Amino acid sequence: MTQHTTALFEPARLPGLDLPNRLVMAPLTRNRAEADGTPTPLMATYYAQRASAGLIIAEASTPNPVGQTYPNITAVHSPAHVAGWRQVTDAVRDAGGRMFLQLQHGGRVGHPATSGLTPVAPSPVALPETIFTPEGHRPAVVPREMTAEDIRTTVADFAKAARNAIDAGFEGVEVHSANGHLLHQFLAANTNLRTDGYGGPVAARIRFTAEVTEAVAAEIGAERVGLRVSPGNTVNGIAEGESEELYPALAERLGGLGLAYLHLGYADPETPVFRRVRAVWPGVIIANPVLKEITTEGVHRASEALLAAGADLIALGRPFLANPDLVTRLRLGAPLNEMRDRYFMYVGGAAGYTDYPALDAQPSSDSIVALEGDRVA
């Protein structure tokens, strides 16, 4: 093993929060909550195992019932949710970690079989693929177009959810405007067909994301708020159009708020949109690389390229999921555990969740075979 000494392991700072290193655990849905969205003790174990990250951004949590995407995802709109998340943040803090919570409304990425409600979206344009529900994969339904009152109510729900997150012990929240969910649907030309002040030109399409972020910042303080975007991302049937104009415009509108950070998903330092956003954004940028290979050297190469291009922190998803001691492994140049994809989502339980070994607790080959042979729930 070759020990690495790069900027990844240097201390960093967000407004009001010191970080021991520049590695961020990215938010990824794992479907281990209760059916009503309440976090579980198993989730507290999972996140505490990964507390050596400079910052953990916990998985997407819905601000209201209609925002639910899939079964067993977390929520943060009831006292039970707050109490469940408090168990998680206490465990992470006891292990020396720091956490933000991602706030996500699914918009058209939802189904009545899961939430009991018809999804809402900027326009009545259905998801062009099936969606996982408690009854298995089902065809997507046409969402109901949001009214002006729906928009005002949803903005308020995000602000209340942010307050709940602070009450649950999080240092801050991340507003999710990426990956084809509600806020991203407002940004995208193919899912936002509105002719009012929230659709059409770039300045109108960024309005909903900006208003949600501004409301959350007003509720809990801008220094406790991050924003995640994923320029050019086509997941969940998204076709943005004008990506190189959308994101610099959004960064310019929100740049004066003093937000904790701007988080760029699927970040590519070679693209014009990355360079333009970096040029106009005055604060911290977290960049989440597209990893060509999930190996120690692959992570280092991608991370260092982004740091050289102006990123301040590096967010990693799957490497953290399979390696609770990822910071140590990267520092030492140690091999990474392989991700067991069959246990990633929808299966529940500890397998592929809290049973990935640390360097000092590697299982024998017989144990690995036994784990892989477990029946998926």
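Student: Which residues of H7 are buried?

Tutor: The buried residues in H7 are Phe208, Thr209, Ala210, Val212, Thr213, Ala215, Val216, Ala217 and Ile220. Buried means under 20% relative accessible area, exposed means over 50%, and partly exposed is in between (1.4 Å probe, protein chains only). This is a predicted model, in which local features need pLDDT of at least 70, side-chain atom pairs count only at pLDDT 80 or more, and totals for chains, interfaces and linings use all residues. Residues are numbered from 1 along each chain as its sequence is written, and side-chain values use heavy atoms, with hydrogens and water left out.

Student: What covers the buried residues of H7?

Tutor: The cover includes helices H4 (148-167), H5 (182-187), H6 (202-205) and H8 (243-254), along with strands E11 (172-177) and E12 (225-229). Helices (H or I, at least four residues) and strands (E, at least two) are DSSP runs, numbered from the N terminus.

Student: How do you know whether the span of H7 agrees with the expected one?

Tutor: The rule is 1.5 Å times one less than the number of residues. For the 14 residues of H7 (residues 207-220) that gives 20 Å, and the end C-alpha atoms are 20 Å apart, so the span agrees. Just after H7, Gly221 has a positive phi of about 100°.

Student: Why does Ala222 count as buried or exposed?

Tutor: Ala222 has 12% relative accessibility, so it counts as buried. You will find Ala222 in the loop between H7 and E12. Not counting residues up to four places away in sequence, Ala222 touches Ala217, Leu257, Gly258, Leu259 and Ala260; contact here means heavy atoms within 4.5 Å. Ala222 and Tyr261 are 39 residues apart along the chain, with their C-alpha atoms separated by 9.6 Å.

Student: And how do you know which class Pro63 belongs to?

Tutor: With a relative accessibility of 3%, Pro63 counts as buried because it falls under the cut-off. Pro63 sits in the loop between strand E4 (55-62) and strand E5 (74-75). Leaving aside neighbours within four places in sequence, Pro63 is in contact with His77, Gln104, His105, Asp157, Phe158 and Ala161.

Student: What is said about phi of Asn31 and Tyr266?

Tutor: Neither is a glycine, yet phi is positive: about 55° for Asn31 and near 55° for Tyr266. Asn31 is in the loop between strand E3 (23-25) and helix H1 (41-49), while Tyr266 lies in strand E13 (residues 261-267).

Student: Why is Tyr266 placed in its accessibility class?

Tutor: Tyr266 has 43% relative accessibility, in between the two cut-offs, so it counts as partly exposed. Asn31, with a relative accessible area of 4%, is buried.

Student: How do you know what the radius of gyration says about the protein?

Tutor: That radius is taken over C-alpha atoms, and the globule rule is 2.2 Å times the number of residues to the power 0.38. With 377 residues, a compact globule would have a value near 21 Å; the protein has 20 Å, which agrees. The C-alpha trace spans about 60 × 45 × 35 Å along its principal axes.

Student: What makes up the protein, and how many of its residues count as buried?

Tutor: The protein has 13 helices and 15 strands, and 58% of its 377 residues count as buried. Among contacts with a separation of 6 or more, 72% come from residues 24 or more positions apart.
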